[in-house]
Amino acid sequence: MNVPAFRQAPPAPSPRRRRFPCSWPPSAPWPALPRCMRPKPAWPVRAITLVVPFPSGGTTDVLARALGEQLSQRVGQPVVVENRPGAGATIGADYVAKARPDGYTLLMGAVHHTIATSVYPSLSYDFQKDLAAVSPLAMVPNVLVVNPAQAPATSVAGLVEQARKSAQPLAYGSNGYGTGQHLIGTQFQAAAGITLLHVPYKGSGPLTTDLLGGQVAMSFDTVTTVLPYIQSGKLRALAVTTAQRSAALPDVPTLAESGLKDFDMGTWFGVLAPAATPRPVIERLNREISAIVGQPDFRERLLAAGAEPMSATPQAFAQRIDADTRRFATLVKENGIKVE
């Protein structure tokens, strides 16, 4: 007897997913558009992080917070200042260089970064290749200040004489190894023919605390950081390090006027972004920062703190960075400054 074989029922046809092409009637409302057709929201749509590569309390931090407040008002999003100090400002720069290049992570850079390129040969980022110049913000003269209890000199000549007669080298503090302050101190020793003891800190905040407490005798900090203590008499200003006198300290001579010919070093500050940040975002940031710097009240705020406002195109700022990198590479080599 033949038993009929059971036949398996054919599978039910699977429902096909409807696929919408990336084209839609022009009259269609925005929510009805497929995702691939929706316009990208204009930058910025969320908070922006401005990384400061030093602790709070120093010039970089002060300028970043002043800028962040104004930038937030202009772009309609919060600007959060985040301190990432250490290793001569390279930790913060490394973090931003490797951040997503979307315009939401920025660096408050400074001249220190152009020096660190030569001082730290093992950096995992290239300051000029991995970061894009956005806009400068300010130039701040450095000033040679002393704690009167540790260095009673009232002039550069008097300080040099004290250093030569001292049984132990006078200690000067800086905001980190391989920073502008360190290089200024090195150049000062070479020009004056003296030897000082370098004591590096993670930033101007802790340096100033120890300078006021007498743990170090002197520093070459920026005017912004030490101006209140100069005005109160807790610190004594002997000379500024730039070619011109500081508007905030018009009675304080330059180092060149004090006998150290052609001495001219200051500290600029500016904003940078990860290298692949879209050009329209960089241009927008440059326009906003330039507008902020041009505001009379903001300029007065900077000048009162000893900072001289700066503005330039991203291209001009990049050229400044390149020129300083080359200049300081020579000085670093001549003075044998290097961290392995």
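In this predicted model, strand β1 (residues 48–52) runs alongside β3, and the two pair in the parallel sense over 3 bridges. One pair of facing residues helps to locate this spot in the structure: V51 stands opposite L107 in β3. The two strands belong to an open sheet of 6 strands, arranged in the order β2-β1-β3-β10-β4-β11 with mixed pairing. At the edges of this sheet are β2 (79–83) and β11 (308–309), each of which pairs on one side only.

The sheet is part of a chain whose secondary structure comes to 10 helices and 11 strands. Of the 340 residues in the chain, 51% count as buried. Contacts can also be viewed along the sequence: among those with a separation of 6 or more, 76% join residues that are 24 or more positions apart. The accessible surface of the chain comes to about 16700 Å², and carbon and sulfur atoms account for 53% of that surface.

Helix α3 (residues 112–119) is a helpful place to look at burial in detail. This helix is largely enclosed by the rest of the structure, because 7 of its 8 residues are buried. The buried residues are H112, H113, T114, I115, A116, S118 and V119. What do the buried residues of α3 pack against? Their partners include two strands of the sheet, β3 (105–110) and β10 (266–274), together with the helices α2 (90–97), α5 (180–192) and α10 (314–335).

Helix α10 appears again at the largest pocket. About 200 Å³ of space lies in this pocket, and two or more lining residues come from each of β4 (131–141), β10 and α10. The largest share of the lining, 4 residues, is supplied by α10. In total, 16 residues line the pocket, with M139, T242, D264, M265 and G266 lying nearest its centre. By type, the lining residues of the largest pocket divide into 7 nonpolar, 3 polar and 6 charged.

Enclosed spaces come next. Rolling a probe the size of a water molecule over the atoms shows where empty space is left. How many cavities of 30 Å³ or more does a search of the whole structure find? The search finds 3 of them, and the largest has a volume of about 70 Å³. Around this largest cavity are 13 lining residues, of which G58, T59, T60, N175 and S204 lie nearest the centre. Helix α1 (residues 59–75) gives the largest share of the lining, 3 residues. The lining of the largest cavity is made up of 3 nonpolar, 8 polar and 2 charged residues.

A single residue, D210, completes the tour. D210 lies in helix α6 (residues 204–213). Is D210 buried or partly exposed? Buried means under 20% relative accessible area, so D210, at 22% relative accessibility, counts as partly exposed. Leaving aside residues up to four places away in sequence, D210 touches Y201, Q215 and V216. A further residue to look for is G173, which is 37 residues from D210 along the chain, while the C-alpha atoms of the two are separated by 8.5 Å.

Definitions and conventions: Residues are numbered from 1 along each chain as its sequence is written. This is a predicted model: local features need pLDDT of at least 70, side-chain atom pairs count only at pLDDT 80 or more; totals for chains, interfaces and linings use all residues. Side-chain values use heavy atoms; hydrogens and water are left out. On a 1 Å grid over the protein atoms alone, a cavity is a set of points where a 1.4 Å probe fits but cannot get out, and a pocket is an open set with protein on both sides within 12 Å along at least five of seven lines; lining residues have an atom within 4 Å of a point. Grid points are joined across faces, edges and corners, and a volume is the space filled by probe spheres set on the points. Ala, Val, Leu, Ile, Met, Phe, Trp, Tyr, Cys and Pro count as nonpolar, Asp, Glu, Lys and Arg as charged, and the others, Gly among them, as polar. Buried means under 20% relative accessible area, exposed over 50%, partly exposed in between (1.4 Å probe, protein chains only). Contact means heavy atoms within 4.5 Å. Accessible areas come from the Shrake-Rupley method with a 1.4 Å probe; for residues, only the protein chains shown count as cover. Two strands pair if DSSP finds at least two bridges between them.
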